[in-house]
Number of protein chains: 2
Amino acid sequence: MPLLPPATLRAYVARIFEAAGAPPEDAALVAHHLIEANLQGHDSHGVIRVERYIRDIEAGVLHPGAEVRLDRDDDTTAVVDGGWNFGQVVAHRTMAVAVEKARLRGVGIAVAHRCGHVGRVGAYGEQAADAGCIGIAMVNNHGGGRVMSAPGGLERRLSPNPIVVVLPTEPRFVLDMTTSVVAEGKLRVARNRGESVPDGWIVDAEGRPVTDPAAFYGPPQGSLRPLGGDAAHKGFGLALVVEALAGALSPAGTSRPGAPSVGNGLFCMAIDVARFRPLDDFAATFAALIEYVQSPPYAPGVDHITVPGEPERTSQRTREAAGIPLDDTTWQQLLATGEKLGLPRLEAR
Amino acid sequence: MPLLPPATLRAYVARIFEAAGAPPEDAALVAHHLIEANLQGHDSHGVIRVERYIRDIEAGVLHPGAEVRLDRDDDTTAVVDGGWNFGQVVAHRTMAVAVEKARLRGVGIAVAHRCGHVGRVGAYGEQAADAGCIGIAMVNNHGGGRVMSAPGGLERRLSPNPIVVVLPTEPRFVLDMTTSVVAEGKLRVARNRGESVPDGWIVDAEGRPVTDPAAFYGPPQGSLRPLGGDAAHKGFGLALVVEALAGALSPAGTSRPGAPSVGNGLFCMAIDVARFRPLDDFAATFAALIEYVQSPPYAPGVDHITVPGEPERTSQRTREAAGIPLDDTTWQQLLATGEKLGLPRLEAR
């Protein structure tokens with residue numbers, strides 16, 4: 001398995017996007033985003049995506065350099081038309097608009113449509129937190145990308161609809177969770193390894209609980225269950241909220257039959273903590289809570305209680321030092337993509 | 001089991017609160033809130049609470065008529081000091097402040113502290129929806145009221161920390177869910193009936209999954225699990241978000257050892273849909289989504305897919321016609337409370 005220094009990988013990926021027509025600043029932004037996802041251990045949202053993005057550009061679905069415009073722009077709210085530019089470019093701009101309004105007015109909300117795949121949604125919450133704001137972001141799949149059934153339903157009707165909340169605390173609190181019980185990527189990994197998945201993750205095409213991930217992919221297709229186990233109606237409810245905010249408040253549209261899976265509808269919100277109380281006080285109060293919930297006693301076999309954002313920080317430290325491990329398929333696809341665009345061959349460690 | 005006409009019960013409860021010193025307007029508001037909870041089938045948040053509120057007033061913990069003040073009041077944000085008035089009075093005012101700001105600016109957030117038990121949190125989301133806004137509300141228990149352990153932890157460290165999202169659609173979408181797998185009330189009901197609870201709801205004092213609700217109450221005390229089943233880290237993450245917004249952004253404080261269980265820290269947000277697109281368009285988009293997710297095919301034994309807000313509407317229709325059934329304990333307590341305050345005896349149907 002090749003190990004790549006982050007800076008080398010980042011520069012190479014940026015050159016690929018530039019060669020495909022992206023302005024240098026946008027190419028750098030998308031490359032940075034993907035390498036950060038790899039560093040944090042979210043390989044499914046990392047450079048594995050490069051090959052698909054280039055294919056989408058070639059297919060005329062993704063438009064590097066497209067103008068990102070504000071359809072509406074008001075005191076605290078905005079509607080962003082991404083022009084099918086890279087989702088990372090559109091989402092970064094959308095959260096920047098929300099943050100700017102929050103700094104001026106206390107709260108800002110911007111929604112976006114015609115936006116490519118935004119990648120790791122947590123990144124936009126972190127962007128707000130960098131400005132002293134609570135960052136909240138949600139995405140649907142622009143009406144497509146259905147993987148999840150309603151409780152009691154047989155067909156896939158909803159996309160994974162993640163919810164992100166990032167707090168401007170030290171260390172950062174980064175909640176980045178799908179409203180399905182897991183992200184589909186975990187099923188793919190299990191299937192490729194020939195492993196079964198825990199009870200309660202998926203149902204087959206007849207609605208029966210199953211543990212063989214192949215039953216999800218079919219044919220006939222099964223579906224992911226909403227978050228919640230016995231209380232899956234709660235995950236289902238949260239998924240519907242994400243549709244409302246990312247797909248109905250924006251012009252992207254909600255989940256519907258036949259919608260292509262082309263990108264994300266996006267909801268971004270920033271809340272300026274200092275309008276309520278000094279940021280340091282807020283952070284200290286929350287730090288005391290984290291210390292309290294993480295303190296013993298622990299259940300047998302447990303020696304640490306993990307809070308959201310922690311596993312990503314650990315991965316980032318390790319991979320910044322040791323390099324980013326890429327599986328051979330991803331590595332060969334990346335090299336072939338670079339070669340196709342006329343780039344000199346990159347060597348792994 | 002006595003059956004009470006809603007109007008009769010509402011008037012009687014309002015007179016109890018007036019007799020206990022509440023201004024008539026506040027007494028009517030709290031009575032209306034409690035009877036609405038009963039009508040919607042949430043009896044644990046209905047008139048069963050009257051006896052406790054009166055005891056809290058007698059104990060000097062709850063202050064009817066106390067001034068509800070704005071500690072801070074800005075463009076889009078406010079911090080409300082409830083003066084330990086009834087939670088319903090404080091929360092109604094807090095959401096009213098958020099809605100007023102949303103109507104002026106597009107978005108409004110108000111947080112509250114020193115606020116009694118707010119009751120059914122969904123009511124405040126509905127208040128925002130009545131004004132054409134998306135209403136979002138979250139409460140912690142002002143640092144107390146701990147019932148839930150962290151995944152892997154043995155002690156109760158968090159309150160149920162509900163999240164409410166209400167959409168200004170017809171019919172109303174009303175998500176009102178605890179971030180624990182269930183509300184504690186369901187354990188109490190199961191224990192009183194001598195029934196076991198589903199696997200995954202509770203762990204005993206040693207952290208073992210158990211189904212006997214007595215293990216929750218102890219001694220030694222067990223705990224509720226966060227929402228999520230295998231993915232309980234997600235419910236845990238959501239519960240921490242509620243602490244941040246309701247307990248750290250407000251001066252109420254987050255969950256901590258030794259905090260008394262006296263009321264709620266509160267986060268209220270209103271988003272004016274019309275700043276993004278016409279309200280009718282938003283509602284039509286969401287209605288199409290609901291039709292889609294509710295349509296067949298269904299799993300064996302399923303003939304309807306329930307969406308948030310539906311069971312409450314069904315209960316409301318039934319009980320408005322037939323009356324509100326009260327269990328004998330609640331009924332006798334209510335009569336005794338009225339008698340203690342010098343009210344004439346109320347007769348049930």
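A residue is taken as buried when its relative accessible area is under 20%, as exposed when over 50%, and as partly exposed in between (1.4 Å probe, protein chains only). The model is predicted, so that local features need pLDDT of at least 70 and side-chain atom pairs count only at pLDDT 80 or more, whereas totals for chains, interfaces and linings use all residues. Residues are numbered from 1 along each chain as its sequence is written, chains are lettered from A in the order in which they are written, and side-chain values use heavy atoms, with hydrogens and water left out.

In chain A, strand β5 (residues 133-140; strands are DSSP runs of E of at least two residues, numbered from the N terminus) is mostly covered, with 8 of its 8 residues buried. A:C133, A:G135, A:A137 and A:V139 point one way from the strand, and A:I134, A:I136, A:M138 and A:N140 point the other way. Strand β5(A) runs antiparallel to β11(A) (residues 265-272), to which 8 bridges join it, pairing being assigned when DSSP finds at least two bridges; here A:V139 stands opposite A:L266. An antiparallel pairing over 4 bridges links β5(A) to β6(A) (residues 163-167), where A:A137 faces A:V164.

Between the chains, the contact (heavy atoms within 4.5 Å) takes 86 residues from chain B and 86 residues from chain A. The count of salt bridges (a side-chain nitrogen of Lys or Arg within 4 Å of a carboxyl oxygen of Asp or Glu) between chain B and chain A is 4; one joins B:R275 to A:D74, with the closest N and O atoms 3.2 Å apart.
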